Amino acid sequence: MNIDPFLQGLVPEMTAWRQDFHAHPEIAWEERRSSACITQLLTEFGYEVTTGLAGTGVVGTLRRGGGKSVMLRADMDALAMTEAAPERPHRSLHPGCMHGCGHDGHMAMLLGAAKALVREPGLSGTIHLLFQPAEENEAGARRLVEEGLFQRFPSDAVFGLHNWPGLPAGVMAVRPGPMMASCDLFEIGLSGKGAHAAMPHLGQDVVLAAAQLVSALQAIVARQIDPLDSAVVSVTQIEAGSTWNVMPASALLRGTARALKAETRAFLAQRIEEIASTQAQAAGLHLSWRYDQRYPPTVNSRAEALIAREAAALVVGEAHVQDDVAPSMGAEDFAFLLAERPGAYAWLGAGKAGAAGLHNESYDFNDAILAIGAQWWVRVAKLVCRNEPV
Ligand SMILES: [Zn+2]
Ligand SMILES: [Zn+2]
C-alpha cells in the first residue's frame, strides 16, 4: 500500500467525519446537515465552494493554473431503512434512515483527498469535487446535469468511486466499458371479467394469464438475447385476488429489467411490451402498461478507465488491481455523468470477514479503506492535472 504520510495522518479525522455522517444519515434530497458539514470543511481547506446544486449538492473547486479540469464525485444520501446494530457507537440517530450503502465513507474519503490536494505540488488544472445528492433511486446526477452542472463546472473527465464489500479490502477494480447495468421498472395490469371459481368458463382467468406472462417474459433473456450479452428480467410482484373461491377480475405485475448495453436495454423494453400485449390479447384481457426508464448503464471510457487503473496500481499495487472484473447488474446514477463526459467509475474493495453487504441492515462502511480511497482520489487528480510526472 502506497499512502502518503500526510493522508495516513488524516485517518483519525476521516474516521471521525465518516462516523459522524453515519450517525446523522439523511435520505435523498434531504442531505442538508451533510451538505453544511462539507461546505464548512471545504471552505476551511481553501476551496471555492458552490452550494445549493440540485438542492443540497456542493462543489468545491481548486484552481491551479492552466491545464485540464476534472470532476471527482462522492454521493451523500442514505437509505430509508432501520439500522440493526444497537451496540454500534456511531449507529444512526434517525430511525428509518441509515447509511447502508457507504456514502458516509464516500464523503469522508473525498474530504480527505480535498485536504490533501490543496498541499499537492505539481498540480496544474482545475479540480471540481462534487458532493452529489440523491443517488439512491432519485437520480440526483440527472437533475444536476439538467440544471447545467457541466456548464457551470466545465470538466474534461469525471470519476466516481464505490466501496465494494464483495472485493477484499485493499483490492480495486475498474475496467473500460460497462461497470454497472441499466435499471428500468415495468408495471403490467391485466383486467377482464371475474367469475365464480367453480365456473371459470363464465369469466376470464387473469391469474392464469399472469402466470403465463411471467414464464413468457423469461424467454426474452433465455432465447432472444445473445448468450454473450447480459440482461435480467425479474418479475418481483404479482397482485391478484382476495379469496380462494373467486376468480379475480384484475392482476398487477411489477418488475425490473437490466442490461449492460443501451441497445439491449431498448430491446428489453420493446419485447416486454410486445409479449405483455400479445398475451393479454390471446386471453381476451385489457392491458395497462407503464415502463419507467430509471438509470442508463454505467459505461467507462477507455482512456479514463486506464487513468483510474493506473491510479489504483500506484496506491494498492499492480497485483491488487482487477481490470477484468465482471460488471454488476446493479445500477448507479453516476451513469448520467458518464453520459455527458468521458470518465470512469471504480470499485474499492471493502470486504472483511463476516461483514454485511451493501443495503443490509447490519452494514457499516469499513474505515480501514478510508486512506486507500482518499489516496486514489489524489492520484487520479494528479494524473489528470499534472505538469510533472507523478
Ligand atoms: Zn446503494
Ligand atoms: Zn451506493
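I began by fixing one term, since a residue counts as buried when its relative accessible area is under 20%, as exposed when that area is over 50%, and as partly exposed in between. I also noted that I am working with a predicted model.

**Entry 1: the zinc ion, ligand 1**

With that cut-off I looked up Glu 136, which has a relative accessible area of 11% and is therefore buried. His 359, by contrast, has a relative accessible area of 41%, so I wrote it down as partly exposed. I chose these two residues because both are protein donors of the zinc ion (ligand 1): the donors are Cys 101 through SG, Glu 136 through OE and His 359 through NE2, and they lie 2.0 to 2.3 Å from the ion. Along the chain I found that these donors follow the spacing C-x34-E-x222-H. Glu 136 sits in the loop between strand E4 (125–132) and helix H5 (140–146), while His 359 sits in the loop between strand E16 (343–351) and H11, so the pair ties together parts that are 223 residues apart in sequence.

**Entry 2: the zinc ion, ligand 2**

Next I turned to the zinc ion (ligand 2), whose protein donors are Cys 101 (SG), His 103 (NE2) and His 162 (NE2), at 2.1 to 2.3 Å from the ion. Here the spacing along the chain reads C-x1-H-x58-H. I placed His 103 in helix H4 (residues 103–117) and His 162 in strand E5 (residues 157–168), so this pair ties together parts that are 59 residues apart in sequence. Both His 103 and His 162 are buried.

Which residue bridges the zinc ion (ligand 2) and the zinc ion (ligand 1)? I found that Cys 101 does so, and that the two ions lie 3.2 Å apart.

**Entry 3: helices H2 and H11**

I then looked at how helix H2 (residues 11–23) packs with helix H11 (residues 370–384), and I noted an angle of about 105° with the axes 10 Å apart. Angles of 65 to 115 degrees count as roughly perpendicular, and H2 and H11 are therefore roughly perpendicular to each other. From H2, the residues Val 11, Met 14, Thr 15 and Arg 18 meet Leu 370, Ala 371 and Ala 374 of H11. Sorted by class, the contact of H2 with H11 holds five nonpolar residues, one polar and one charged.

**Entry 4: the domains**

Last, I checked how the protein chain is divided, and found domain 1 (5–179 + 297–384) and domain 2 (183–292). Their C-alpha centres lie 38 Å apart, and eight residues of domain 1 are in contact with nine residues of domain 2.

How values were computed:
Residues numbered from 1 in each chain as written. Chains lettered and ligands numbered in written order. Predicted model: local features only at pLDDT ≥ 70, side-chain atom pairs only at ≥ 80, totals over all residues. Heavy atoms only, no water. Axes fitted to C-alpha atoms, helices over the stretch in contact; angles between N-to-C directions. Helix = DSSP H or I, 4+ residues; strand = E, 2+ residues; numbered from the N terminus. Parallel < 35°, antiparallel > 145°, perpendicular 65-115°, else oblique. Contact = heavy atoms within 4.5 Å. Nonpolar A, V, L, I, M, F, W, Y, C, P; charged D, E, K, R; others polar. Donors = N, O, S within 2.8 Å, 3.2 Å for Na, K, Ca; no water. Buried < 20%, exposed > 50% of the residue type's maximum accessible area, 1.4 Å probe, protein only. Domains from an automatic or database assignment.
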